[in-house]
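Student: I have a structure open and do not know how to read its helices. Can we go through some of them in turn?

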Amino acid sequence: MADDVPMRKRVEEYIHKLQDDIVGAFEKLDPNAPPFKRDSWIRPQGGAGRSCVFAVPFSPEGAPPPQTILEKAGVNVSVVHGTLPPPAIKQMRADHSSIPDIANSVPFFAAGISLVIHPRNPHAPTVHANYRYFEITQEPTEEEKAAGKPGELIAWWFGGGGDLTPSYLYEEDAVHFHRTIKDACDAHGADLYPTFKKWCDEYFFIPHRGEARGIGGIFFDDLCEESHKRFADDAKRPKSPDDIFAFVKSAGDAFVPSYLPILERRCRTPSTEAERRWQLLRRGRYVEFNLVYDRGTKFGLMTPGARIESILMSLPETARWEYMSELGTEAETREAQLTEVLKTPRAWV
């Protein structure tokens with residue numbers, strides 16, 4: 001695409017295409033399941049989005065359980081703009097060194113794709129990914145408003161990542177997932193994957209449980225032209241807007257090949273009620289992280305005009321909490337095998 005096309009426009013076009021590609025891949029995998037529900041919405045404060053959500057209607061008592069591969073899933077795109085209030089700016093400054101100290105509300109633009117897939121089978125892992133672009137600008141002049149242009153940029157950055165959250169550990173799945181993502185990263189700098197993998201292990205961690213949410217992937221934020229606290233100045237990484245965007249596209253395009261082969265391999269594995277119980281307990285941990293620690297959830301709930309349905313789309317349809325459950329603590333069980341990996345992150349590739 002021509003360099004004179006604004007980055008916000010380029011990102012918007014890309015994430016809409018990626019959404020169509022991802023949803024299409026899931027619908028092709030399970031053609032007899034209901035299609036994803038496409039829900040376009042308008043944000044009164046500025047912007048719009050499209051949510052693509054998979055859910056099976058609630059079964060009446062006595063009805064056979066659904067046979068779909070997915071239990072709940074969402075692939076959401078939002079392109080929003082408006083005014084960022086000081087409390088939201090304050091929270092963001094802790095994680096974005098490119099944001100100056102701003103006392104007043106300022107215009108912002110944000111575009112991103114966010115997805116969470118919760119399969120039905122306990123042997124098929126949950127997966128999450130999101131990629132986003134953010135701008136903060138000065139209030140535009142009257143001339144800029146008339147021309148439909150934003151004000152002068154104050155700060156911009158890309159962020160995102162993805163991680164795999166299994167209930168049962170299959171090492172070949174973990175290796176495939178990480179290798180596919182590593183290949184996408186390596187094409188844009190040798191320092192990306194090791195830095196972002198470590199960041200992911202640190203970020204998707206539940207302190208009160210002393211364990212990770214899953215077996216990792218990549219996580220990054222605040223990628224822009226300025227120096228970055230996670231990289232040495234001579235690190236091999238993209239720095240220009242075009243180069244960073246090229247990396248983000250590679251990472252986004254890697255989602256389907258990183259996950260769909262795993263889902264296809266595990267979605268029909270025979271399972272028991274005991275394994276379903278463990279799956280629901282692991283989903284409870286997923287909920288704990290998203291509601292207590294996830295920065296995106298916190299920021300979304302603080303943003304004026306927040307669309308709560310989209311923010312909480314990541315939560316599973318069903319989850320479980322047991323008091324002092326023995327699952328995961330009994331030596332030499334598959335549940336304990338996963339718990340050990342969650343407490344001590346591993347290098348998969």
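Tutor: We can start with helix H8, keeping in mind that this is a predicted model. Helix H8 covers residues 273-292, and at 1.5 Å a residue its 20 residues should span 28 Å. The end C-alpha atoms of H8 are 29 Å apart, which agrees.

Student: How many of the 20 residues of H8 are buried?

Tutor: The count is 14, so H8 is mostly covered; a residue is called buried when its relative accessible area is under 20%.

Student: How do I describe two packed helices?

Tutor: Give the angle between their axes and the distance between the axes. Here, helix H4 (residues 171-186) packs with helix H7 (residues 255-266) at about 160 degrees, and their axes are 8 Å apart. An angle over 145 degrees counts as roughly antiparallel, and H4 and H7 are therefore roughly antiparallel to each other. Their crossing is right-handed.

Student: Which residues of H4 and H7 make the contact?

Tutor: From H4 they are Glu172, Asp173, His176, Phe177, Thr180 and Ile181. H7 contributes Pro257, Ser258, Pro261, Ile262, Arg265 and Arg266. Sorted by class, the contact has 5 nonpolar, 3 polar and 4 charged residues.

Student: What about a single residue, Thr339: is Thr339 buried or exposed?

Tutor: Thr339 has a relative accessible area of 11%, so Thr339 is buried. This residue lies in helix H11, residues 334-343.

Student: Which residues does Thr339 touch?

Tutor: Leaving out residues up to four places away in sequence, Thr339 touches Trp278 and Gly328. As for Arg120, 219 residues from Thr339 along the chain, the two C-alpha atoms are separated by 21 Å.

How values were computed:
Residues are numbered from 1 along each chain as its sequence is written. This is a predicted model: local features need pLDDT of at least 70, side-chain atom pairs count only at pLDDT 80 or more; totals for chains, interfaces and linings use all residues. Side-chain values use heavy atoms; hydrogens and water are left out. Axes are lines fitted to C-alpha atoms, for helices over the stretch in contact, and angles run from 0 to 180 degrees between N-to-C directions. Helices (H or I, at least four residues) and strands (E, at least two) are DSSP runs, numbered from the N terminus. Angles under 35 degrees count as roughly parallel, over 145 as roughly antiparallel, 65 to 115 as roughly perpendicular and the rest as oblique. A crossing is left-handed if the near helix is turned anticlockwise from the far one by less than a right angle, and right-handed if clockwise. Contact means heavy atoms within 4.5 Å. Ala, Val, Leu, Ile, Met, Phe, Trp, Tyr, Cys and Pro count as nonpolar, Asp, Glu, Lys and Arg as charged, and the others, Gly among them, as polar. The expected span of a helix is 1.5 Å times one less than its number of residues. Buried means under 20% relative accessible area, exposed over 50%, partly exposed in between (1.4 Å probe, protein chains only).
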